[in-house]
Amino acid sequence: MHTLITPLQAAQGDGGMSMIIMLVVMFAIMYFFMIRPQQKKQKELQNFRKSIERGQEVITAGGIYGTVRDIDDVRNVLIVEVASGVRLRVDRNSVFASASDTAAANK
């Protein structure tokens with residue numbers, strides 16, 4: 001009787017190990033196809049926001065195109081001119097793209 005039970009227990013033990021390996025492989029696939037690209041995008045966006053300069057054309061999160069006229073690093077605020085004499089105070093974190101980069105990508 002013991003000779004029949006021992007092989008069955010061994011077979012069940014191998015199934016558990018293969019399940020763990022499958023979970024690790026699935027997590028690795030998720031990491032390389034979803035998490036890692038998102039982290040790279042976030043890092044690029046952070047670097048872009050740090051490198052904003054006066055005179056640069058930007059697009060805000062609300063879709064407003066404008067030109068950076070002043071930068072307040074203490075408050076993390078940009079003064080963006082959207083039309084002649086019309087200036088908006090915008091949080092630096094709400095700027096998502098450079099208008100010149102977007103125009104070049106659309107052509």
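Leaving out residues up to four places away in sequence, Arg-87 touches Arg-69, Ile-79, Val-80 and Glu-81. This arginine sits in strand β4, and its C-alpha lies 9.9 Å from that of Asp-70, a residue 17 positions away in sequence. The model behind these values is a predicted one.

Zooming out from Arg-87, the chain's secondary structure adds up to 2 helices and 5 strands. Followed along the sequence, these elements come in the pattern α-β-β-β-β-β-α, so the strands form an unbroken run in that pattern, with a helix on either side. The chain has 107 residues, and 19% of them count as buried. About 8500 Å² of the chain is exposed, with carbon and sulfur atoms supplying 61% of that area. As for contacts with a separation of 6 or more, 36% of them link residues 24 or more positions apart.

Now for the sheet. Its 5 strands make an open arrangement in the order β4-β3-β2-β1-β5, and the pairing is antiparallel. At the edges are β4, covering 86–91, and β5, covering 95–98, each of which pairs on one side only. On average, and with direction ignored, neighbouring strands of this sheet are turned by 45° against each other. In general terms, strands of a sheet pair through backbone hydrogen bonds, in either a parallel or an antiparallel way.

Strand by strand, the picture fills in as follows. Strand β1 (residues 57–60) and strand β2 (residues 65–72) run antiparallel and are joined by 3 bridges. Glu-57 has Thr-67 as its bridge partner in β2, Val-58 has Gly-66, and Ile-59 has Tyr-65. The hairpin that β1 and β2 make has 4 residues between the strands, and here Gly-63 takes a positive phi near 85°.

Strand β1 also pairs with β5, again antiparallel and through 3 bridges. For Thr-60, the bridge partner in β5 is Val-95.

On to β2 and its pairing with strand β3 (residues 77–83), which is antiparallel and spans 5 bridges. Within this pairing, Val-68 stands opposite Val-80 of β3. These two strands form a hairpin as well, with 4 residues between them, and the turn includes Asn-76, whose phi is positive at about 65°.

Next comes the nonpolar interior. The largest nonpolar core contains 10 residues, namely Leu-45, Phe-48, Ile-52, Val-58, Val-68, Ile-71, Leu-78, Val-80, Val-90 and Val-95. Helix α1 (2–50), β2 and β3 each contribute at least two residues to this core. Val-68 and Val-80, the pair that stand opposite each other across β2 and β3, are both among the core members. So are Val-58, which bridges to Gly-66, and Val-95, which bridges to Thr-60, as the core list shows. Leu-45, also a core residue, is in contact with Val-95 and Phe-96 once its neighbours within four places in sequence are set aside. Val-80 turns up once more among the residues that Arg-87 touches.

Arg-92 is a residue to look at alongside this core. Where is Arg-92 found? Its place is the loop between β4 and β5. At 8% relative accessibility, Arg-92 counts as buried, because the cut-off for that label is under 20%. With residues up to four places away in sequence left out, Arg-92 touches Arg-49, Lys-50, Ile-52, Ile-71, Asp-73, Asn-76, Val-77 and Leu-78. Several names in that list have come up already: Ile-52, Ile-71 and Leu-78 belong to the nonpolar core, while Asn-76 is the turn residue with the positive phi in the hairpin of β2 and β3.

Finally, the aromatic side chains. The structure holds 1 aromatic pair. Tyr-31 and Phe-32 form an edge-to-face pair, because their ring centres are 5.2 Å apart and their planes meet at 80°, and over 60 degrees is what the edge-to-face label asks for. Are these two residues buried, exposed or partly exposed? Tyr-31 is partly exposed, with a relative accessible area of 30%. Phe-32 is partly exposed too, with a relative accessible area of 49%, a value that falls in this class because exposed means over 50%.

How values were computed:
Residues numbered from 1 in each chain as written. Predicted model: local features only at pLDDT ≥ 70, side-chain atom pairs only at ≥ 80, totals over all residues. Heavy atoms only, no water. Pairing = 2+ DSSP bridges. Axes fitted to C-alpha atoms, helices over the stretch in contact; angles between N-to-C directions. Buried < 20%, exposed > 50% of the residue type's maximum accessible area, 1.4 Å probe, protein only. Contact = heavy atoms within 4.5 Å. Areas by Shrake-Rupley, 256 points an atom, 1.4 Å probe, with all protein chains shown as cover. Core = buried A, V, L, I, M, F, W, Y, C linked by side-chain atoms within 4.5 Å. Phe/Tyr/Trp six-rings, centres within 6.5 Å; stacked < 30°, edge-to-face > 60°.
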